[in-house]
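Hi everyone, thanks for making time. I'd like to walk you through one structure today, looking at the spaces in it and then at some rings. Have a look at it first.

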Amino acid sequence: MSEAAADPGFPYRLIATDLDGTLLRSDESISRRTRDALAAATAAGAAHIVVTGRGVPWTRHILDDLGYDGLAVCGQGAQVYDAGTHRLLTSVTLDRQLAGVALAKIEAEVGPLYLAASRDGLEGEVLVGPGYAVTGRLPSTPLTDVSDLWSAPLNKIYIQHPELSDDDLAEAARQAAGGFVTVAMAGAGIVELLPLGLSKATGLSLAARRLGLKAADTIAFGDMPNDIPMFAWSARSVAMANAHPDLKAVADEQTTSNEEDGIAVVLERLLG
């Protein structure tokens with residue numbers, strides 16, 4: 001796939017798709033129409049890379065169900081994962097000392113936070129502290145002793161606030177601790193602290209390079225502000241109808257929602 005030129009009827013050699021709110025419907029399924037459109041695009045010579053904020057342990061079952069055997073960018077760009085061989089190719093971890101300083105600075109501004117954390121590795125647990133609300137039915141481990149948060153390498157820390165909105169919490173975190181960590185808003189109730197400078201564009205560029213592809217070859221699909229760096233890196237960017245206003249503002253175009261096969265709508269048009 002990396003050496004083949006895209007079909008003249010399909011203008012991109014790389015399709016980068018977010019998962020939640022983009023490729024996945026609300027029940028975490030992928031429609032037959034979208035599966036068929038992606039299959040047609042890859043048959044025409046394009047590679048497909050999933051680029052998600054989820055760590056590998058929260059992503060692997062979806063990729064396996066899709067029959068996906070290519071590269072995936074997980075953990076908000078921290079992990080490049082080979083789904084075909086179930087191997088973690090690269091992984092970037094959070095400096096726990098800097099993360100502790102960042103948390104202290106944020107809490108000094110907004111008060112106590114509810115915390116969760118994603119441990120590094122193929123089997124890395126997601127630790128969830130008191131008060132933190134996990135989205136959906138994803139597996140997690142209760143965190144009863146806060147010191148356990150720092151006992152193993154982490155990819156990210158999740159923060160929630162009892163009163164602030166996600167947008168307000170993300171902005172407050174950037175103001176208080178933006179010099180220590182990257183702050184990403186990845187979905188409802190999902191504000192994350194990441195290694196400084198890390199983004200989906202970081203991981204996507206690494207994965208693309210492994211395939212011999214470049215930003216100029218890429219069309220990207222997403223729905224949340226954490227997709228902004230990926231949109232800036234890619235040649236063309238497509239926001240879902242359900243996307244956050246900040247992402248829509250920087251997208252090249254807008255498609256229908258994730259519930260209405262928004263990815264397939266664009267790919268079918270490009271396939272002609």
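So, how much space lies in the largest pocket? About 670 Å³. It has 38 lining residues, and the ones closest to the centre are Asp 20, Arg 54, Thr 135, Leu 138 and Ile 190. If you want to find the pocket on your screen, start from those five residues.

Before I go on: this is a predicted model. The average pLDDT for the protein is 93, and 97% of the residues score at least 70. Please be careful with residues 1-7, though, where pLDDT stays under 50. For that stretch the model has 20 contacts beyond four places in sequence.

Back to the largest pocket. Which elements give two or more residues to its lining? Those are helix H1 (19-23) and four strands: E7 (126-128), E9 (154-160), E10 (181-187) and E11 (190-195). E9 gives the most, with 3 residues. Sorted by class, the lining has 15 nonpolar, 11 polar and 12 charged residues.

Now the second largest pocket, with about 310 Å³ of space. Here 15 residues form the lining, and closest to the centre you'll find Thr 42, His 48, Tyr 68, Asp 69 and Gly 70. Helix H2 (32-43) and strand E2 (47-51) are the elements that give two or more residues to this lining. The most comes from H2, with 5 residues. By class, we have 8 nonpolar, 4 polar and 3 charged residues around this second pocket.

Okay, from pockets to cavities. How many cavities of 30 Å³ or more does a search of the whole structure find? The search finds 2. The largest cavity holds about 40 Å³ of space. Its lining is Thr 22, Leu 23, Arg 25, Ser 31, Thr 34, Asn 258, Asp 261, Gly 262 and Ile 263. H1 and helix H9 (262-271) each give two or more residues to that lining. You may remember H1 from the lining of the largest pocket. By class, this cavity is lined by 2 nonpolar, 5 polar and 2 charged residues.

The second largest cavity has about 30 Å³ of space. Around it sit Gly 55, Pro 57, Trp 58, Ser 118, Gly 124 and Val 126. That makes 3 nonpolar, 3 polar and no charged residues.

Keep Trp 58 in mind, because we're moving on to aromatic rings, and Trp 58 forms a pair with Tyr 158. A quick reminder: a pair of aromatic rings is described by the distance of the centres and the angle of the planes. For Trp 58 and Tyr 158 that's 6.4 Å centre to centre, with 35° between the planes, and the pair counts as tilted. Where do the partners sit in the chain? Trp 58 is in helix H3 (residues 56-66) and Tyr 158 is in strand E9, 100 residues apart, so the pair links distant parts of the chain.

Are these two rings' residues buried or exposed? Trp 58 counts as buried because its relative accessibility is 10%, and the cut-off for buried is under 20%. Tyr 158 is buried too, because its relative accessible area is 5%.

The whole structure has 2 aromatic pairs. Ring pairs join Trp 58, Tyr 132 and Tyr 158 into a cluster. So that's a good place to end up on your screen: thanks for listening!

Terms used. Residues numbered from 1 in each chain as written. Predicted model: local features only at pLDDT ≥ 70, side-chain atom pairs only at ≥ 80, totals over all residues. Heavy atoms only, no water. 1 Å grid on protein atoms, 1.4 Å probe; cavity = no way out; pocket = protein on both sides within 12 Å on 5 of 7 lines; lining within 4 Å. Points joined across faces, edges and corners; volume = space filled by probe spheres on them. Nonpolar A, V, L, I, M, F, W, Y, C, P; charged D, E, K, R; others polar. Phe/Tyr/Trp six-rings, centres within 6.5 Å; stacked < 30°, edge-to-face > 60°. Buried < 20%, exposed > 50% of the residue type's maximum accessible area, 1.4 Å probe, protein only. pLDDT = per-residue confidence, 0-100. Contact = heavy atoms within 4.5 Å.
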